[in-house]
Every structure is written in C-alpha cells, then in structure tokens.
Amino acid sequence: SSKFVRASSYNFIKYEELSPRGGVPQTKVSYFQQADPRGLVPKFLVNSKIVDSLKYLGDMRKKYDKSLEVDQARRAELIPKIGNLPVGERAGAVEAQFVKLINERKGSEEVKLKLP
C-alpha cells in the first residue's frame with residue numbers, strides 16, 4: 001500500500017581497545033549505520049530519526065566518560081616534575097640557556113613588538 005514504507009536500517013558498533021592514558025583504560029568506539037527507506041520519506045522524519053540514533057552514542061559517552069580520571073592521573077604525573085624545576089638563580093640560568101639555543105638556530109631573527 002502507498003500509506004506505508006518498509007524501511008530497513010543496519011547498525012554496527014566497533015569497539016577497539018586503546019593504550020591506557022594515565023592508567024585509565026581507553027576504548028575507541030566507531031558507529032556505522034546504513035538505512036534504506038525503500039521509498040519517499042519526508043526530510044523532517046529522516047532528520048529526527050538520525051538524531052534519535054545518535055543519541056545512543058551521547059548517552060554511552062556520558063555513562064562511561066573517564067575524562068576526570070585521565071586528567072587526575074596526568075596531573076599526578078606532572079606534579080613531581082614541577083617540583084624538580086629550577087627556581088631562583090638556577091631558573092635564570094635555564095632561561096638564558098634556552099634563549100641562547102633559540103638564537104643559535106639557523107634562520108632565527110629577533111622580533112621587536114610594539115605594544116600599546
């Protein structure tokens with residue numbers, strides 16, 4: 001009958017284990033979808049169904065998000081390094097050495113800024 005559309009849709013979700021970041025396990029998620037409307041479908045209906053199908057991925061991300069844990073682990077790695085940075089006179093010597101290396105690079109030139 002012309003009142004019905006016999007559409008089909010196939011979804012495939014691929015999960016890939018990645019290397020941990022900051023000791024937190026990581027997973028890459030790829031989502032593939034193929035739809036065959038098998039007829040004419042109004043744009044507003046197609047667009048609404050796309051949003052609905054992608055909402056699943058947003059919900060999954062919210063449920064399994066480990067961004068805070070990754071950030072905490074990365075900060076924990078950085079804190080000891082910050083404590084080892086030179087301070088006082090030694091900091092000035094490190095800065096001078098850095099400036100010397102930059103100035104010795106081929107093609108480098110000094111740029112003077114005019115600030116308001």
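1. Let me start with the pockets. The largest pocket holds about 520 Å³ of space. Its lining is made up of 14 residues, and those closest to the centre are Thr27, Val29, Arg61, Tyr64 and Asp65. Please keep in mind while reading that this is a predicted model.

2. Which elements build the lining of the largest pocket? At least two residues each come from β1 (8–21), β2 (24–36), α1 (43–64) and α2 (67–83). Sorted by class, the lining of this pocket has seven nonpolar, three polar and four charged residues.

3. Two of the residues closest to the centre of the largest pocket, Arg61 and Asp65, deserve a look as a pair. Arginine 61 and aspartate 65 form a salt bridge, with 3.6 Å between the closest N and O atoms. Arginine 61 counts as exposed because its relative accessible area is 57%, over the 50% cut-off. Aspartate 65, at 35% relative accessibility, is partly exposed.

4. On to the second largest pocket, where the space comes to about 350 Å³. Lining this pocket are 16 residues, and Ala7, Ala35, Pro37, Val46 and Lys49 are the ones nearest its centre. Two or more lining residues are supplied by each of β1, β2 and α1. Which element gives the most to this lining? That is α1, with five residues. By class, the second largest pocket is lined by ten nonpolar, four polar and two charged residues.

5. Serine 8 is worth a visit in your viewer. This residue sits in strand β1. Is serine 8 buried or exposed? Serine 8 is buried, because its relative accessible area of 16% falls under the 20% cut-off. Leaving aside residues up to four places away in sequence, serine 8 touches Gln34, Ala35, Asp36 and Arg38. Ala35 also appears among the residues nearest the centre of the second largest pocket.

6. One of those contacts of serine 8 can be described further: its side chain makes a polar contact with the side chain of arginine 38, at 3.5 Å. Arginine 38 also meets aspartate 36, side chain to side chain, in a salt bridge (3.8 Å, N to O). Both partners of this salt bridge, aspartate 36 and arginine 38, are touched by serine 8. Aspartate 36 is partly exposed, with a relative accessibility of 36%. Arginine 38 counts as exposed, at 52% relative accessibility.

7. How many salt bridges does the structure hold? There are four, including the arginine 61 to aspartate 65 pair and the aspartate 36 to arginine 38 pair. Another one joins aspartate 59 to lysine 55, whose closest N and O atoms are 3.2 Å apart. Aspartate 59 and lysine 55 are four residues apart in helix α1, so about one helical turn separates them. Aspartate 59 counts as partly exposed, with 36% relative accessibility.

8. A last stop in helix α1 is serine 53. At 14% relative accessibility, serine 53 is buried. Which residues does serine 53 touch, not counting residues up to four places away in sequence? They are Tyr31 and Gln33. With glutamine 33, there is a side-chain to side-chain polar contact at 3.3 Å. Strand β2 spans 24–36, and you can follow this contact there from the helix side.

Note on methods: Residues are numbered from 1 along each chain as its sequence is written. This is a predicted model: local features need pLDDT of at least 70, side-chain atom pairs count only at pLDDT 80 or more; totals for chains, interfaces and linings use all residues. Side-chain values use heavy atoms; hydrogens and water are left out. On a 1 Å grid over the protein atoms alone, a cavity is a set of points where a 1.4 Å probe fits but cannot get out, and a pocket is an open set with protein on both sides within 12 Å along at least five of seven lines; lining residues have an atom within 4 Å of a point. Grid points are joined across faces, edges and corners, and a volume is the space filled by probe spheres set on the points. Ala, Val, Leu, Ile, Met, Phe, Trp, Tyr, Cys and Pro count as nonpolar, Asp, Glu, Lys and Arg as charged, and the others, Gly among them, as polar. Buried means under 20% relative accessible area, exposed over 50%, partly exposed in between (1.4 Å probe, protein chains only). A polar contact is a pair of N or O atoms within 3.5 Å; within protein, one must be able to donate a hydrogen and the other to accept it, and residues adjacent in sequence count only if both atoms are side-chain atoms. Contact means heavy atoms within 4.5 Å.
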